[in-house]
Amino acid sequence: FAVRHRVDEIVVEDGRAVGVRGATLVPCDLDRGVSSPREETGTFEFRGGAVLVSSGGIGGNPDLVRRYWPSDRLGDAPGDLILGVPEHVDGRMLEISGTAGANLINRDRMWHYTEGVANFAPIWPSHAIRIIPGPSTLWLDATGARMPVPLFPGFHTTASVEAIRRTGYDHSWFILDSAIAEKEFVLSGSEQNPEMTDKVVKKFLSRAKKGLPPSVGEFAEKGVDWVVADSLEELVTGMNELVREGEPELEVEKVREFVLAMDGQMDNPFAKDAQVQAIHNSRRVLTDKLTRIAKPHKLLADSGVGSGSAAGSGGPLIAVKVHLMTRKTLGGIETTLDSQCLRPDGEPFPGLYAAGEVAGFGGGGVHGYNSLEGTFLGGCIFSGMKAGRAMAREV
Ligand SMILES: Cc1cc2nc3c(=O)[nH]c(=O)nc-3n(C[C@H](O)[C@H](O)[C@H](O)COP(=O)(O)OP(=O)(O)OC[C@H]3O[C@@H](n4cnc5c(N)ncnc54)[C@H](O)[C@@H]3O)c2cc1C
């Protein structure tokens, strides 16, 4: 186990992978995920009976993500992309494995998210935190139109990426209130923030007093993508302050129309709004009802009279400018069912194996074009197990 050893080449002799070469890097004791210095101190070469590549995906390398972006399926590659994985997830080993003679496939398969916000205390460059939302947030695209049914928050990742890219912009808007944020916003990746890992709960609790849930309070206060307001007018003014040059401003009357359309159905057990139906449906699972889905309520206090403005019983209104953010790589090194790499002619590559995200979580793309949330580590472990057993047999 050799830390600060960066592989730059797979050693191939007589058509067989027999080791790796690379550079030793200057020692450092930076925290996990922080970009570390790349200054070289020397070279190394290790040899073995077989070589396993398990170097992860390309999500920390926006240039590679854009190069292989599936424009035909998801619209043009985004210009504005924040990063949901550390800088070391740079995809270099894919090119290095290809140069050694391994076949790379399905490079256009990727799994990115629509709900990224900039980390106010970034660990790596362009560090994105993902909001894992529940169903109650109103979701508008960059032009202020409501996202199409059934693309409610958290419902269909890849289809939502496509819908957002088809608008020509890289962001969209979440509109909710404090009660929804408290129950439904989980921040994935924020465990990287020292305050959370150190479990400094006092600071979090103090925020609750301001009417914001502790879990999102610091993001709402310090994050660049958040607006908190007591009225809809104030909220939309704040949202427009986050709009950059070339991006459309939002019209308060249009936003109000969508808020009232949803609010107006909240009391109706036979709601006609598909999203309100989805909220009711989600609450049929007892555990979700208790822990994950806010009690249906109106965002605005006076929505019944058709001119809603002030925040309702759910506390201050919140708007979040959410961005496309990278995460997983669904294609990569093609392998056999034993995780042995294949050459471009389809023949197994003696001595070379690949497992985990670098192999598209197994085989070169076991998920296909889509995926199911949370099923990625399983592919890493399974393809690693297959590789381990085959390598043990081989050596
Ligand atoms: C915030 C976050 C949340 C996630 N949540 C989930 C989840 O809930 N469920 C789920 O299933 N998946 C989740 N994932 C995805 C999952 O964690 C990754 O897909 C998985 O960890 C990839 O494992 P891996 O071993 O293939 O690659 P990695 O964990 O990326 O490890 C690759 C290693 O190779 C090293 N390396 C790379 N290149 C070189 C080189 N040239 N020389 C030497 N070393 C090198 C890297 O430094 C790194 O240590 C999440 C990912 C992130 C970032």
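Which residues does Gly-116 touch, not counting residues up to four places away in sequence? In this predicted model, the partners are Ile-82, Ile-129, Lys-321, Val-322, His-323 and Met-325. Let's look at that spot, then wander through the rest of the chain.

**Around Gly-116**

Gly-116 sits in strand β7, which covers residues 110-118. Gly-116 is buried, with a relative accessible area of 0%. Take Met-325 from the list of partners: Gly-116 and Met-325 are 209 residues apart in sequence, yet 5.3 Å apart in space, going from C-alpha to C-alpha.

**Two open sheets**

Strands of a sheet pair through backbone hydrogen bonds, either parallel or antiparallel. Let's start with the sheet that runs in the order β1-β2-β3, an open sheet of 3 strands with antiparallel pairing. Its edges are β1 and β3 (40-47); each has a single partner strand, so one side of each is left without a neighbour in the sheet. From one strand to the next, the twist averages 20°. β1 and β2 (residues 16-25) are joined over 8 bridges in the antiparallel sense, and Val-11 stands opposite Gly-19 in β2.

Another open sheet of 3 strands has the order β4-β16-β15, and here the pairing is mixed. The edge strands are β4 and β15 (340-342), each with a single partner strand, so one side of each has no neighbour in the sheet. Neighbouring strands of this sheet are turned by 55° against each other on average, direction ignored. β15 and β16 pair in the antiparallel sense over 2 bridges, with Leu-342 standing opposite Pro-348 in β16. There's a helix here too: α13 (residues 376-394) lies across β4 and β16, running at about 140° to β16.

Here are the two strand pairs side by side:

| Strand pair | Sense | Bridges |
|---|---|---|
| β1 and β2 | antiparallel | 8 bridges |
| β15 and β16 | antiparallel | 2 bridges |

**A helix with a buried face**

Now for helix α3, residues 92-100. Its buried residues are Met-93, Leu-94, Ile-96, Ser-97 and Ala-100. Look down the axis of α3 and these buried residues fall within an arc of 165°, so they line one face of the helix. What covers them? The cover includes β1 (5-13), β4 (51-53), β6 (104-105), β14 (332-333) and β16 (348-354). You've already met some of those names: β1 belongs to the β1-β2-β3 sheet, while β4 and β16 belong to the β4-β16-β15 sheet. After α3 comes Gly-101, whose phi is positive, near 120°.

**Cysteines on their own**

A disulfide is a covalent bond between the sulfur atoms of two cysteines. How many disulfides does a search of the whole structure find? It finds 0. Cys-380 shows why one such bond is missing: its sulfur is 15 Å from the closest cysteine sulfur, in Cys-341, which is too far for a bond. Cys-380 is partly exposed, with a relative accessible area of 23%. Cys-28 is partly exposed as well, at 32%.

**How far to trust the picture**

The mean pLDDT of the protein chain is 92, and 92% of its residues reach 70 or more. One stretch to watch is residues 200-209, where pLDDT stays under 50. The model has 12 contacts beyond four places in sequence for residues 200-209. Where pLDDT is low, the predicted coordinates should not be read in detail.

Key. Residues are numbered from 1 along each chain as its sequence is written. This is a predicted model: local features need pLDDT of at least 70, side-chain atom pairs count only at pLDDT 80 or more; totals for chains, interfaces and linings use all residues. Side-chain values use heavy atoms; hydrogens and water are left out. A disulfide is a pair of cysteine sulfur atoms within 2.5 Å. Buried means under 20% relative accessible area, exposed over 50%, partly exposed in between (1.4 Å probe, protein chains only). Helices (H or I, at least four residues) and strands (E, at least two) are DSSP runs, numbered from the N terminus. The arc is that of the directions from the helix axis to the C-beta atoms. Contact means heavy atoms within 4.5 Å. Two strands pair if DSSP finds at least two bridges between them. Axes are lines fitted to C-alpha atoms, for helices over the stretch in contact, and angles run from 0 to 180 degrees between N-to-C directions. pLDDT is the predictor's confidence in each residue, from 0 to 100.
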